[in-house]
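Okay, thanks everyone, let me get the model up on the screen. I'll talk through how the parts meet, and then we'll zoom in on one helix.

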Number of protein chains: 2
Amino acid sequence: MSNERTELEQLGEFGLIKHLTQYFKINHKSTVKSIGDDAAILSVDDHEQLLVTTDMLVEGVHFDLMYTPLKHLGYKAVVVNLSDVYAMNATPKQITVSIAVSNRFSLEAIEELYSGIQKACEWYDIDLVGGDTTSSKSGLVISITAIGVASPEKIATRAGARLHDLIVVSGDLGGAYMGLQVLEREKEVFRSVNEAQPDLSGYDYILERQLKPEARKDIVELLDQLDVKPTSMIDISDGLASELYHIADQSFVGCDIYEEKIPVSPETIAAAKEFNLDYTTAALNGGEDYELLFTIKQKDLEKIQGNPHFSIIGHVTEEASGCRLITRAGEPITLKAQGWNAFRNEI
Amino acid sequence: MSNERTELEQLGEFGLIKHLTQYFKINHKSTVKSIGDDAAILSVDDHEQLLVTTDMLVEGVHFDLMYTPLKHLGYKAVVVNLSDVYAMNATPKQITVSIAVSNRFSLEAIEELYSGIQKACEWYDIDLVGGDTTSSKSGLVISITAIGVASPEKIATRAGARLHDLIVVSGDLGGAYMGLQVLEREKEVFRSVNEAQPDLSGYDYILERQLKPEARKDIVELLDQLDVKPTSMIDISDGLASELYHIADQSFVGCDIYEEKIPVSPETIAAAKEFNLDYTTAALNGGEDYELLFTIKQKDLEKIQGNPHFSIIGHVTEEASGCRLITRAGEPITLKAQGWNAFRNEI
């Protein structure tokens, strides 16, 4: 080891993975795609490919047990992994779950966590096939791997967006981030005022977006019914801006999105106003919405248009134009991908 | 949640997994075998099945960075997962690696860890296909999932041992445990005597068994060459006694093993003597040797007999006889499965 010291936060999560894995070689024909998309693609036979994705959730980094019920946490831990499989336009089938847990947790607490995992498995029709449980010196760590299937011609990566494709997003954005703001505020109130009860009434929608998000299984099914094959797709875990850059980078394109087209719920707008935050910023950089962001060919426009599940927010441009937000005033500004960085941002 | 509190250590690792997953249902035909073996089995097509296994290593529980070089740790973290795939008589092909790491680690330190991971990938011909890196509030956590393949008729589970089968073990046992004793002793010396240099000379073999174990890829290949299909198989991660019980439980059989037949290296015997420990106990309960324990049909005896890689240590008996050790004095004693319990035993 050299004597130099580089801090991990200088690279950020994506830079770090890229840096650490740059000298790894792929030897097996069955590895169709390795690191760099929502899930790895493994070939099985001619009519089916496997998708593999993994995520680790760490107490104090990804969740705060002061306001996260363990059952919700178990549910969410599964959902964030499934979301990565759906983001490949594929169907998750199996998961493994590993947990490290300190002795401060009782069996009953871990049962709560697993009841949430089970609920997610039932809802999304997933088999739990393996895992590991071990002790931890401090916090709770949950590591889940999800395995899915799809036919090779159905799979949508981040690399297939083409000039003039339309950019579409499911559901609405920014809610999970505003839910987090409410929870953090009430935690501070609870800390400073002895035994104050948190006041969470009226925030149901955004709290649910934060604490119990859903993966968009329904969207993948709907696209199939509509006979729309996305040219590229990604799930929105780190914020719309960051995900747009992933698609742009891997497809060698640029993109223009229109501020007025970004779907934001009335509840999110109200909460942003209350917190003196710009709701477009919440939608662009908030993350954790687990909606799907995808591109479609122009010819598929009429299949998507007018469907309340979808918002067409922009189109794919030349690589040289970069990723731009066209403001309500009609002004194009270059997007900043302030994606969530686990080495910088902590709860 | 009820108000009762049950401590996790009351159940132990295997009891805990069993308890937590008892109400999970398996819905997909493609899930051939879920929790309860070295790896889950997923069906792909008629001539191939997938094996999936996952393991989590936690600082202060599974490893101590005071005496574990990060490069060795990366190597070992991969090896312990591959070992679970080989233990199904299968060939691992891909892994995902997730790490949680605190800011006290520099990039250079994590590069060391990944150089060990890469070395293992090269040696065992494995593609790294995905993963996650995140920060941690305290220690280092490594979670790896390994994926392998085998034809359905080749796969050996824990459930296939039959009456009169022979019990075979590869390599030798107890070395990793004695290596750990040496490392723990030198750590104490280092702590109590200021700046004392650890004296590790002369312990090369057992230290390597502990710090840089290998998975027995060669044994799986050798069995194939010898045309021996094990009737059951498991890797020895928690100690011979504990693994024998897994095979006995799942195959509904008993087993007799002979103390004098258990393979123990001269280095392990010498170290055990020095520490005033019984080397048979180290072999039975030490764990972390990552050798393969398997059963074969009597008719395969001559293919195995005399091969220096294998020791025939006993035979399968009726379920009612339980698992017994026949001592050097010829006395049968019931084995105790004091497998390593991550909730009780910590470094």
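So, let's begin with how the two copies touch. Of the interface residues of chain A, 99% are also interface residues in chain B, so the copies meet through the same surface. Before anyone asks, yes, this is a predicted model.

How do you lay chain A on chain B? You turn it by 180° with a shift of 0.0 Å along the axis, and the RMSD comes out at 0.0 Å. That's the relation of a two-fold axis.

Now, what goes into that contact? Chain A puts in 74 residues and chain B puts in 73 residues. On the chain A side, quite a list of elements supply at least two residues each, including helix H1 (12-21), strand E3 (48-58), helix H3 (107-124) and strand E6 (141-150) of chain A. Which element gives the most? That would be E5(A), with nine residues. If you sort the side of chain A that touches chain B by class, you get 31 nonpolar, 27 polar and 16 charged residues.

Okay, let's stay inside one chain for a bit. Chain A is split into domain 1, covering 8-150, and domain 2, covering 166-334. Their centres, taken over C-alpha atoms, are 22 Å apart. Where they touch, domain 1 of chain A brings 16 residues and domain 2 of chain A brings 17 residues. On the domain 1 side, the top contributor is helix H2 (residues 70-86) of chain A, with nine residues. By class, that side of domain 1 of chain A, the one touching domain 2 of chain A, has nine nonpolar, four polar and three charged residues.

Last stop: helix H8 of chain A, residues 266-274. Which of its residues are buried? Glu267(A), Thr268(A), Ala271(A) and Ala272(A). Why do these end up on the same side of H8(A)? Because they cover an arc of only 130° around the axis. And what do the buried residues of H8(A) pack against? Three helices of chain A: H4 (175-192), H5 (204-211) and H9 (279-285).

Flip to the face of H8(A) turned away from that buried side, and you'll find Pro266(A) and Lys273(A), both exposed. One more detail on the way out: just after H8(A), Asn276(A) takes a positive phi of about 55°.

That's me done, so let's open it up for discussion.

Methods:
Residues are numbered from 1 along each chain as its sequence is written. Chains are lettered from A and ligands numbered from 1 in the order in which they are written. This is a predicted model: local features need pLDDT of at least 70, side-chain atom pairs count only at pLDDT 80 or more; totals for chains, interfaces and linings use all residues. Domain bounds come from an automatic or database domain assignment. Two residues are in contact if their C-beta atoms, placed from the backbone, lie within 7 Å. Helices (H or I, at least four residues) and strands (E, at least two) are DSSP runs, numbered from the N terminus. Ala, Val, Leu, Ile, Met, Phe, Trp, Tyr, Cys and Pro count as nonpolar, Asp, Glu, Lys and Arg as charged, and the others, Gly among them, as polar. Copies are superposed by least squares on the C-alpha atoms of residues with pLDDT of at least 70 in both. A residue is buried if 20 or more other C-beta atoms lie within 10 Å of its own, exposed if 12 or fewer, and partly exposed in between; C-beta atoms are placed from the backbone. The arc is that of the directions from the helix axis to the C-beta atoms.
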